[in-house]
Amino acid sequence: MEEETQGLVESKIKLNNAKGYRKIVSPIFNTIMLIIVFCLIAFMLTMMIQQQKLTQHDQTQFLQKQQIKKPMIDNNVYEYITLENGLSVLLIQNNDAIISQVALSVKAGSFQEPANYGGLAHLLEHMLFVGSHTYPDPNYFNTLIYNNGGTNNAYTDNYETNYYFTIQNSALHQGLDVFSHFFIDPILDQKMVEKEVNAVNNEYEIITDTDEWKIEALLQILSEKSHPFSQFSIGNLNTLLKDEISEQLKQFFNQAYSSNLMSLVIESSLPITELKTYLKSFEKIKNNNLVEPSCEDFGSPIQYGTQLIQYKSNSDVKRVYMTHQLSDVQQQYKTKAIELINNLIQSSKGVKEYLIQKNLIIDMSSGVLFNDHNGCFNVFALEFQVYNLNDYDQIIQSVFSYYFYLIQTLFDDQGDTLVDNDKLRSLYDDYKKTASLKFNFKENIIEDIQEIAHNLNIYGFHDVLSRKYLYEDYDPELIYFYLTDLLDIDNLNVFLGDSQLNHPDVQYDKVNRINYVFLDIPDTIIQKIQTYDEIEQPKFQLPSIHKYQPNDLKMKSFCKPYSQTNQEDPYEDLQNENMLIQRNSEMVFSNVQECLQYEHQYEELYPLPEYLFKSSIGKLWWKLDRSYKTPAIFMGMKIDKINFQFTLKQQVLLKVFQSYTSTLISQHLESAFQNNYNFKFQSSPNHIIFNIYGWNDKFFDFIEDSLTFFIKQQIDLQIYDQTLKTLINQYNQELQSPLYSQIRNHFFLNTLIYGYYEPKQILQELKNINIKDYEQFHSQLFKGTNFQLYLTGNVLREEALSLFKSIEKKLFGKPKHLDYNPIYSKILKLSNNYIIPYAAESNENNGATFNYYIFGNRNRKQFAIMNILKGTFDSSAFNYLRTDLQLGYLVSAKFTPLECLDGAAILVQGSAKTPYQVNQYIEDFLQFFYKEIEKMTDFDIEELKKAAIQQLRQKEKTLFEKGLAYWDHIQNNDFIFEEKEITIDQIDLLKKEDILSFLNTAFKKSSKISIQLYGKHMLKGMSIEEFLKNQNPIKSFSDLEEKISDKEKIKVGAMLYQCSFKLGQI
């Protein structure tokens, strides 16, 4: 065995020294393959010569004949064409798409920008949105999009920039015309450039505080300075606020943007023939006949040789990162070799579970950190949350042992060669089948149109939909190649992150805002890592994902339950019987054939959930839904605690239960999640909610198996201990999360709703509870409860009833009758308008302002008006607060309910002004917004109404979305299943004066609270009180009176709203 192992190691070393693609085949087969390769080259040269003779029209016709790989249930119509200027276009006719989607990918990115102008490509992405010579108004596109029920966004990558927008179908032609002029005649005006530089700088200040950015920055520091990966690519004031920046943008645009490097994707319900007529403006984009950018001249960026770097993190969570630079990633997308290896790394009985059991890590994640889509390299990373940074050597050795285990287990040594074995083939087939099922029943295959545009530009028409999903080409050589690449210690770099960094040789990178130090790795540790093949191997195991793979994929019929084991005619015994289908009304069929003929019409006639059954403690809702052709089930379950205490301790114990049970389920039922089951577990002060989605064939087995862990009395001490550590880590991270996330998810709710607590309070309580507290809590958890259940999808009513009774028996035993007393959420009723300032734990130079206006209880008219205004409200806030005033990179304005109350939330994060001042600018915006609506003509209002109605008519794109939409109404206890239809009717009745009256009341007479969160660097060492004393108010148009207070003072003697239900989102 020792000789075999040594031979394997030598083989690996030779491969890595060569830095090539070593074939693991016999010498004779190598010779045969060489002959075949020469023949293929000759054939390809012949084809290339012939292809050059084809006209552009012929090329388009040739590509159209290639069949696009698409899901089995996909009814979309696809057509691929190439415009005369070389721009590739994919048109998609989706008859259900009331809202159109558009994305354009251009092969131009940060790797092509000049070294002295870091972030130039990113700035150009911003600038194209703010005006062309044909449409010079910088807010025109944004206003057009939002007023027509749409959104827009973009991203800049190394060799690509990708632009995206959605818009209602009736405005698509106009939207496309404005969009095309991004790339025909952009203005790139110096004055507007300077404004957008501030937006880019705000983005830079937010992102550079994250650990993910710090790792990428450190990798850039380790890279060859001649490689573009080493360059700073986000941009900030220092690199972009220059007198000549406008000219540099124009030069970069002309040198990097060209129609022959662009791919455009349009999805709409409009006919393909009509969509083609909308493309004329795109033919005006200039074709500079540019050569596709490539990194082949640069090679791999990161210098070979292991480096150990410690850096200062903004979080108290200690982290170890392992990064591997891998090569030739482009060729693997059909094999999915890296995805396969990553699945194995994350699987139970693998290295993650081993490290947790050894108390070396708290948690772990892995995946591709950085991907060069041109195929030259990528960076595969493993992130470990750890107790002690000094354990990094044991962690690395364990990971290397696991890589080695995979080679030993999946390949057999046959003398001078290594060949794949049945284990690898079987494993690959399992993942291939799972991926194929997910793809074939993917209901919303155009889920991310930016990714479709990217795929079209990089991978071509044939694989544009399937590239992400399918395991197509089994290639053991490639899998082996990547495993040996991972075992090459010269490809490894290690980063240690801690909030404390005390070392005499600390360096500071001013651009990336990171403190770091290079550390020497002792030779003993290097030797220890490299002797992974000599130590006793941990007892790893390969995953098994068979159990929950579905076999029965047929859609069920309510005329008679389908039985897979019944080989005879399932309707034979019913041929002469009347068939009765009963619902809120009755529908009788004379025979089974008639039932089968009309059952789908019956579904359309009765489209809403049915209140099927009520027991002493439970209610069952059900709906058979086969409209998506997906053999799957959505289930929602809500458990309400009667007389549940709103104490901090009870809330923390509930969170422990949620995390502990989720961990048990994920570890023991891993096969279900590998087979695309979705299990979401939420808890709030007075209830527990589960949302579960999966294949119907094994769905009931999955539910039965899951329930076992809910009632399991014997506590697994190791998992319980792990749960507490994970939760402590989680809340430590939340203290360092972006300010906008903290203010929205914690400070806002904690200020206004009783029963919500700050992360610091939860952290302290987590450290105080013990195992006896938890055991006592768990023993009483399902006593004194009511529950509701909703099942929809490919599920029959008798199956729903059976599952309901099974859950009731297993979770609740012999239930006692309990009255359905409503459980109230208690919300502060404000007596004044308040400013509540908070100091953040994170070292940010930013501040975040969250202004919330409480409108009160919802009525139909108010809800309809909010639907009309939601797009223009958000776009106007963005144009006023971000584009014009440049107050922050993050600006949003949403009508957002608070439990049973309607309201509006305006969020701004940035460093240009303090939150105290931003609050006043927001008040100015509200006056500006009222005047903008006041200026609108009746025609403008009718257009807003049309856009709102179109959005409301947009169907849910997946069974999960539709199930969740109805389930929200059930769990929120409002049961307004036809809310959209009711709202459409109400919108038709509204006039301009109704909208103005609403705005006048909503913002001028509502209660308002301004939650303000200040980063430590913004406070400059001062307390909140000292800082606010030095704040000078802006010259504001608003005369609103506000009091600065704290959350405890405003609660004294305050009245409360009591909510027994929650409102759905606008």
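I began at Asn-314 in this predicted model and listed its contacts beyond four places in sequence, which are Asp-209, Asp-211, Lys-214, Gln-736 and Asn-843. I then looked up where Asn-314 sits, and found it in the loop between β7 (307-312) and β8 (319-327). Is Asn-314 buried or exposed? Its relative accessibility is 16%, so I entered Asn-314 as buried, the cut-off being under 20%. For one of the listed partners, Asp-209, I also noted a polar approach, since its backbone oxygen lies 3.1 Å from a polar atom of the Asn-314 side chain.

Next I took down the overall figures. The protein has 36 helices and 31 strands, and 58% of its 1066 residues count as buried. Of the contacts with a separation of 6 or more, I noted that 82% are between residues 24 or more positions apart.

I turned to two residues with partners far along the chain. Thr-166 lies in strand β5 (residues 161-168), and I recorded it as buried because its relative accessibility is 8%. Its C-alpha atom is 6.6 Å from that of Ile-99, although the two residues are 67 apart in sequence. With residues up to four places away set aside, Thr-166 touches Ile-99, Ser-100, Gln-101, Ile-145, Gly-150 and Thr-151.

Phe-998, in helix α33 (residues 992-1004), is likewise entered as buried, with a relative accessible area of 8%. Here I noted a sequence separation of 136 residues from Gln-862, with 7.2 Å between the two C-alpha atoms. Gln-862 is also among the contacts of Phe-998 outside its neighbours within four places, and the others on that list are Phe-855, Ile-865, Met-866, Leu-869 and Phe-895.

I then went to the nonpolar cores. Which residues have the most contacts inside the largest nonpolar core? They are Met-635, Phe-710, Leu-791 and Ile-807, in a core of 69 residues. Helix α20 supplies the largest share of this core, nine residues. A second core, separate from this one and made up of 59 residues, includes Ile-345, Leu-360, Tyr-428 and Tyr-532. As background I wrote that nonpolar side chains tend to be buried together in soluble globular proteins.

I followed Phe-710 further and found that, not counting residues up to four places away in sequence, it touches Phe-657, Thr-661, Ile-665, Phe-679, Phe-681, Phe-690, His-778, Phe-782 and Leu-811. Thr-661 in that list lies in helix α20, and its relative accessible area is 0%, so I marked Thr-661 as buried. The side chain of Thr-661 has a polar atom 2.8 Å from the backbone oxygen of Phe-657. Beyond its neighbours within four places, Thr-661 is in contact with Phe-681, Phe-709 and Phe-710.

My last entry concerns the packing of helix α20 (residues 648-668) against helix α23 (residues 717-735), where the axes are 9 Å apart and the angle is about 120 degrees. I recorded the crossing of α20 and α23 as right-handed. Which residues meet there? From α20 I listed Lys-655, Val-656, Ser-659, Tyr-660, Thr-663, Leu-664 and Gln-667, and from α23 Ile-719, Tyr-720, Thr-723, Leu-724, Leu-727 and Tyr-731. Sorted by class, this contact has eight nonpolar, four polar and one charged residues.

How values were computed: Residues numbered from 1 in each chain as written. Predicted model: local features only at pLDDT ≥ 70, side-chain atom pairs only at ≥ 80, totals over all residues. Heavy atoms only, no water. Helix = DSSP H or I, 4+ residues; strand = E, 2+ residues; numbered from the N terminus. Buried < 20%, exposed > 50% of the residue type's maximum accessible area, 1.4 Å probe, protein only. Polar contact = N/O pair within 3.5 Å; in protein donor to acceptor, adjacent residues only side chain to side chain. Contact = heavy atoms within 4.5 Å. Axes fitted to C-alpha atoms, helices over the stretch in contact; angles between N-to-C directions. Left-handed = near helix turned anticlockwise from the far one by under 90°. Nonpolar A, V, L, I, M, F, W, Y, C, P; charged D, E, K, R; others polar. Core = buried A, V, L, I, M, F, W, Y, C linked by side-chain atoms within 4.5 Å.
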